[in-house]
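Work through the exercises below with the sequence and the model at hand. Each task is followed by a solution in steps.

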Amino acid sequence: MQESKGSIPQFDSANPVHRDLASAAEKAEQIASSVEIPEALHFTRARQLIRKSLKDAGLWDQIEKLAEAALR
C-alpha cells in the first residue's frame, strides 16, 4: 500500500530513525512519569512541567528532530 504525502509512516524496525524515535519516546515516558504533579494543578501547567523536564533532559529537541526526519 502506498502512503499518501503527509501521512504518518508505519513503524519500521529496520529504519534507524524509527528505532531512535521509539527509544527517545520510551525515555521521555519514563521522565514524564517521574515528574511530581500536584493533584490540584491545571493540566496546562502540568504539561509545562513535563515539557521542561524533557527539555532539561535534552529529549524535547531530539524527539522533534527525529519526528521531522521520520516524516520526510
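**Exercise 1.** Find the residues that Ala28 contacts, leaving aside neighbours within four places in sequence.

Solution. Contact is taken as heavy atoms within 4.5 Å. With the sequence neighbours set aside, Ala28 is in contact with Leu54, Leu59 and Ile63.

Before going on, note that the model is predicted: local features need pLDDT of at least 70, side-chain atom pairs count only at pLDDT 80 or more, and totals for chains, interfaces and linings use all residues. Residues are numbered from 1 along each chain as its sequence is written, and side-chain values use heavy atoms, with hydrogens and water left out.

**Exercise 2.** List the residues of the largest nonpolar core and state which helices each supply at least two of them.

Solution. A nonpolar core is a set of buried Ala, Val, Leu, Ile, Met, Phe, Trp, Tyr and Cys residues joined through side-chain atoms within 4.5 Å. Buried means under 20% relative accessible area, exposed over 50%, and partly exposed in between (1.4 Å probe, protein chains only). The largest such core has 5 residues: Ala24, Ala28, Leu54, Leu59 and Leu66. At least two of these residues come from helix 1 (16–34), and at least two from helix 3 (59–71). Helices are DSSP runs (H or I, at least four residues), numbered from the N terminus. In soluble globular proteins, nonpolar side chains tend to be buried together.

**Exercise 3.** Describe how helix 1 and helix 3 pack.

Solution. Their axes are 9 Å apart and make an angle of about 150°. Axes are lines fitted to C-alpha atoms, for helices over the stretch in contact, and angles run from 0 to 180 degrees between N-to-C directions. Angles over 145 degrees count as roughly antiparallel, so helix 1 and helix 3 are roughly antiparallel to each other. Among the residues making the contact are His18, Ala24 and Ala28 of helix 1, and Leu59, Leu66 and Ala70 of helix 3.

**Exercise 4.** Is His18 buried or exposed, and what does His18 touch?

Solution. His18 is found in helix 1. Its relative accessible area is 9%, so His18 is buried. Not counting residues up to four places away in sequence, His18 touches Pro9, Gln10, Phe11, Asp12 and Ala70.

**Exercise 5.** Locate the salt bridge.

Solution. A salt bridge is a side-chain nitrogen of Lys or Arg within 4 Å of a carboxyl oxygen of Asp or Glu. The structure holds 1, between the side chains of Asp56 and Lys52 (2.8 Å, N to O). Asp56 and Lys52 lie 4 residues apart in helix 2 (residues 43–56), which means about one helical turn separates them. Both Asp56 and Lys52 are exposed.

Key. Parallel < 35°, antiparallel > 145°, perpendicular 65-115°, else oblique.
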